[in-house]
Amino acid sequence: MLHLDLDAFFAAVEQRDKPSLRGKPVVVGGVGGRGVVSTASYEARVYGVRSAMSTREARSRCPHAAFLSGRFHAYRETSRQVMGLLRAASPLVEPLSLDEAFVDLAHAGLPDLSVETVTAFAEDLRARVMEATGGLTASVGIGTSKFIAKVASDLRKPDALVVVAPGTERDLLRPMDVRVIPGVGPATAERMRRVGIHTVEQLEAVSEDEMVRLLGNAHGHWLYSLARAEDDRPVVAEREAKSVSVEGTYDTDLTDRKLMESLLTRQANEVAGRLRKGGLSGRTVTIKVRLHDFTTLSRSSTLPSPTDSAATIARLARTLLADLDTTGGVRLLGVGVSGLADWVQEDLFGEAAEEEVEVLPEVEVPHHSRRTWAPGMDVEHAEHGRGWVWGSGRGVVTVRFETASTPPGPVRSFKDDDPDLTPWRPPEPEDEDGT
DNA sequence: TCTGGGGTCCTAGGACCC
DNA sequence: TCTGGGGTCCTAGGACCC
């Protein structure tokens, strides 16, 4: 297994494209009041600037650095070139992000997988990456598993190659901090520290049962294996997206609900656009709200059938926001869609389906029934036509109609067992033979 | 004016169904 | 009179990764 990691990728692309930045500290990330560092060039790292650090702190550590917000088109294009190079070397390539990928060397057509052969292959690959990208360096690790390849690529970066000979994996890992294990983050490391585990060697001494008790079922079994360098994960070239989301942190906290609603609406439009571009639609809409004190809340609702409609996603997002107390202010808002289906729903209403819907106040009434009504669900009522559920509970469903024939009043409430109130579904698309 | 954005995976509880 | 067992789906939150 080979792991390739482009060194200080975003900053390196900037230095490549702008010669005046070469040899100088460059910081790419959010440049607003609440931005964080995405990538720091090695010149900036000398001053202690690190990824995920607030840009404010980076500025105070290294005021003379160039602070850039990033040019993602350039990063994507360069990444595309590198991934292409890797795919030419082996059909089994798994990109992890724009700047990282695994390559299965068993499918690279090498005469053998000896240390000498893979070393020569990787040096050649690094040279080709540099040539193809106009001088970017890559760190490469090779080992008998994804885990070991990744550890190896991190060992001597930047611009280095490390090959871990088969059979030496556990000796390599033993003295290392438990944080080298993917999946051991701050919280897990702290739990381990509290029971006196700092190194992989100490982790090896823990029984599997104990690991599960300490870290939960999935995590416990998984880390028990990794501590022994047992990792048989294959390279997966094509992964299907499971969710699509957009979020934003604002420089000053939001307090105006109308503004929040319009921001959610815009985000919903972007999510819908990306869904459609990917030929996807999803059933679950989730909003994310980070309050002034950094408390993070999420609310979600699942529709009876998948959607890629901006209006549907926006409407549901605003409905979900309505249940949240945002007094005190909101620093982040986000909208996502999950439960994705890789097919697109029939566009039954043409362009009209994408008209924005005005937000209107909710109405309350009493009663009980069996049917579950989810906000955002499309409904039909004999007198009023097609609408969508604005709110539900205690046997009452409040429906908003968006057709021209809507009677006076913005919202109608019904007993939820009203025989004329039925979930509306698009007709099943018919096959050629009518089945 | 501490603390991004886009993701994945896991857990736990409740509803619901057979 | 006193309370099954398993499975699935949904929701909310949290850890983690780059």
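This briefing looks at helix α5 and its packing with α4. The structure is a predicted model, in which local features need pLDDT of at least 70, side-chain atom pairs count only at pLDDT 80 or more, and totals for chains, interfaces and linings use all residues. Residues are numbered from 1 along each chain as its sequence is written, and side-chain values use heavy atoms, with hydrogens and water left out.

**The helix itself**
- Helix α5 covers residues 115-133, and its 19 residues reach 27 Å from first C-alpha to last, close to the 27 Å expected at 1.5 Å a residue (that is, 1.5 Å times one less than the number of residues).
- Helices here are DSSP runs (H or I, at least four residues), and strands are E runs of at least two, numbered from the N terminus.
- Just after α5, Gly134 has a positive phi of about 75°.

**Its two sides**
- Among the buried residues of α5 (under 20% relative accessible area, 1.4 Å probe, protein chains only) are Val118, Phe121, Leu125 and Val129.
- The buried residues cover an arc of only 165° around the axis (taken from the directions to the C-beta atoms), which puts them on the same side of α5.
- Turned away from that buried side are Glu116 and Glu131, both exposed (over 50%).

**Its neighbours**
- The buried residues of α5 pack against β1, α1, α4, β7 and β8 (contact means heavy atoms within 4.5 Å).
- In α4, residues including Leu85 and Leu86 meet a group in α5 that includes Phe121 and Ala132.
- The axes of α4 and α5 come within 10 Å and cross at roughly 150° (lines fitted to C-alpha atoms over the stretch in contact, with angles from 0 to 180 degrees between N-to-C directions).
- The two helices, α4 and α5, are therefore roughly antiparallel (over 145 degrees).

How values were computed
Chains are lettered from A and ligands numbered from 1 in the order in which they are written. Angles under 35 degrees count as roughly parallel, over 145 as roughly antiparallel, 65 to 115 as roughly perpendicular and the rest as oblique.
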